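User: Hi! I am new to this structure and would like to understand how its descriptions are reached. Could you take me through a few of them?

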Amino acid sequence: MSKPLIRQRFRFFRSTHIRSKILISNLLLISLMAVSIGSLAIYATRYYTEVQTKDLTLQLVHQASDKIEYRAKAFVGTSVELLMHEELRQMVAGGSGEAASNDARNRMRINALLSEFAHNNPFLNAVLVRSTDGVVYWWSGANGAAGQLSEREAADLASVAASLLAKAAPNLMWADSPRGGDEMMFVRDYIDVDAVNRSSGTLVFLLDSEYFWDLDRQQSLIQQTNMAILNDAGAFITGGTSPHLREAADRSSRLREGGLAFADSRVRELGGESYLVTQERRSDGGWTVVCLIPTSMLFGKIRILQLVIAIVALGAILLSALVAVYLSDSTTRGIKLLERTMRRVEDGDFGIRIQPLGTDEAGILAIRFNAMLERIEELITTVYKVRLEKQQAEFSVLLAQINPHFLYNTLGTIRWYARMKQQPELERMLASLIGLLKSSVRRTSETRTLGEELADIRSYIELQKIGYGDAFEVRYDIGDELQTCGVLYLTLQPLVENAILHGLEISKGGGCITIAGRADGDDVVLTVSDNGIGIPLEKLASLLEGPESRGGYPGLHSIGVRGVHERLRLYYGEPYGLSFRSAPGHGTEAFVRMPRIQVTEGAMTVAASDDRGR
């Protein structure tokens with residue numbers, strides 16, 4: 001899965017409701033647990049079934065191997081009867097002479113002896129005796145693997161057996177029957193029991209494979225069709241006809257290269273199918289028994305158990321899903337109730353309350369939500385009262401402005417009268433005072449341009465110069481680009497007033513006040529400086545932060561200065577406001593820092609000219 005798709009799944013999960021998240025989480029955990037336990041149970045049943053089957057198969061193969069070894073030894077012992085039959089040995093070893101002239105009689109006699117021997121061995125299909133001269137005597141039963149043997153077939157069969165025996169050691173061997181079918185062949189030297197180093201020929205026995213496969217039929221895992229017997233050389237003697245059994249036998253022969261006894265049981269792939277291959281090699285006779293069991297037959301009996309485990313796991317998942325749905329719904333019921341109540345509050349219904357459904361986190365949230373609603377109602381009531389009081393205060397201010405307005409009009413009448421009486425000094429004083437009252441009476445905003453603020457300061461300076469004469473002068477150092485910057489109403493006037501009244505030594509004359517301004521990045525810094533007596537350092541530190549009083553510095557009205565500082569901070573924030581730099585005898589500098597804001601045309605309304613004569 002790609003990363004964008006994974007992120008999309010996570011975003012979808014985060015955007016779902018809490019109930020869905022809890023339900024999905026519970027279902028995932030439950031499914032994971034059920035699948036894990038079910039898979040572990042199925043694996044455990046398969047694993048332990050395989051282990052137990054391996055052990056059981058090893059035991060059964062060992063028992064079958066014991067029985068095969070016993071039968072093989074028993075037949076070897078039975079074959080000794082022919083070796084000890086004196087008459088048979090004399091007829092086979094007779095060679096030329098009279099014995100040769102009586103060949104027909106010998107054949108009939110040997111056939112009778114072999115028939116008598118076979119009568120006592122019901123699994124025997126044919127017996128052949130081949131002399132050292134190559135003469136073959138035989139007996140074959142009608143129920144043999146391929147019926148009666150002809151003379152030619154008997155001679156060929158005896159010749160093949162003799163060649164096989166010549167390669168074996170010491171003097172006997174078991175092999176697969178050349179005639180095929182469910183038949184096997186046992187070959188041994190026809191030795192003289194009195195002189196074992198002397199051989200009279202070869203004995204060949206063809207036996208039905210049932211001689212070895214006469215096993216316990218109740219042992220359903222061990223059948224002739226799924227077993228094979230190999231001789232000490234690893235050659236296939238008898239067994240089932242399955243090609244996979246031959247392949248397993250070939251692999252078993254490769255394990256025999258060490259020549260040691262072994263017992264092994266493991267699952268292998270043969271021809272694209274899975275089989276449990278169990279084999280055991282005997283140390284005494286060199287026999288190897290191979291058993292091939294399809295795993296489908298092994299695990300077929302546990303499929304019902306595995307199906308039951310899967311059904312139980314599925315049932316557990318379904319039942320747990322129902323429980324998860326119920327638990328997720330009950331867990332989020334309080335949250336859903338809180339969410340619906342919040343929607344009612346969004347619609348303006350602040351009188352609604354939640355009935356807690358319990359004492360869990362959702363119940364605690366409901367209680368606190370109710371408390372929050374009560375607090376909100378109190379705040380709404382308080383804000384409503386404050387708004388009413390503010391409206392009343394604004395109405396009172398509006399009424400209070402009526403008296404200055406009358407004064408403004410009256411001063412205008414007096415100014416007109418002074419002009420008529422040719423009193424220029426009085427007219428000039430009245431014009432300056434009217435200019436100051438004009439901005440106070442007709443202003444509609446807390447801000448105005450710096451040029452308008454400087455115009456009021458010039459009117460104020462003109463009034464002061466009438467009283468003080470040439471005791472001080474005022475210089476302006478503000479460029480035209482700052483004239484349209486916005487400033488709060490009465491920002492510089494309190495600073496100029498303090499410089500005149502408390503900073504300069506008016507009686508000595510020569511006072512100078514400088515009003516300057518400069519741009520500092522996105523800010524504007526205005527400066528009001530004088531060459532007066534200065535302020536002591538201990539007083540300068542408490543000028544803006546000390547208690548509100550009129551005695552911070554002798555004669556200094558600090559409330560107006562602090563008011564300017566607090567208004568600047570209230571409107572523009574903490575970085576802005578007033579700052580001072582002073583030293584006794586070296587004058588005082590007051591700095592105003594505020595953001596550079598251009599006032600657009602029409603942003604402020606100012607009073608029209610009061611000069612009714614112009």
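Analyst: Happy to! This is a predicted model. A good place to begin is Thr 278, which lies in strand β9, residues 273–281.

User: Why is Thr 278 called buried?

Analyst: Buried means under 20% relative accessible area. Thr 278 has 0% relative accessibility, so it counts as buried.

User: What makes the link between Thr 278 and Ser 265 a polar contact?

Analyst: The cut-off for the pair of N or O atoms is 3.5 Å. The side chains of Thr 278 and Ser 265 are joined at 2.9 Å, so the pair qualifies.

User: Which residues is Thr 278 in contact with, leaving aside its neighbours within four places in sequence?

Analyst: Among them are Thr 57, Leu 58, Val 61, Asp 264 and Val 289. Cys 291 is also in contact with Thr 278.

User: Is Cys 291 buried or exposed, and how do you know?

Analyst: Cys 291 has 0% relative accessibility, so it is buried. Another cysteine, Cys 512, has a relative accessible area of 11%; this is under 20%, so Cys 512 is buried too.

User: How many disulfides does the structure hold?

Analyst: It holds 0 disulfides. A disulfide needs a pair of cysteine sulfur atoms within 2.5 Å, so no pair here meets that cut-off.

User: Why is helix α15 described as largely enclosed by the rest of the structure?

Analyst: Helix α15 spans residues 493–503, and 9 of its 11 residues are buried, so the description fits. Those buried residues include Leu 495, Val 496, Ile 500 and His 502.

Methods: Residues are numbered from 1 along each chain as its sequence is written. This is a predicted model: local features need pLDDT of at least 70, side-chain atom pairs count only at pLDDT 80 or more; totals for chains, interfaces and linings use all residues. Side-chain values use heavy atoms; hydrogens and water are left out. Buried means under 20% relative accessible area, exposed over 50%, partly exposed in between (1.4 Å probe, protein chains only). Helices (H or I, at least four residues) and strands (E, at least two) are DSSP runs, numbered from the N terminus. A polar contact is a pair of N or O atoms within 3.5 Å; within protein, one must be able to donate a hydrogen and the other to accept it, and residues adjacent in sequence count only if both atoms are side-chain atoms. Contact means heavy atoms within 4.5 Å.
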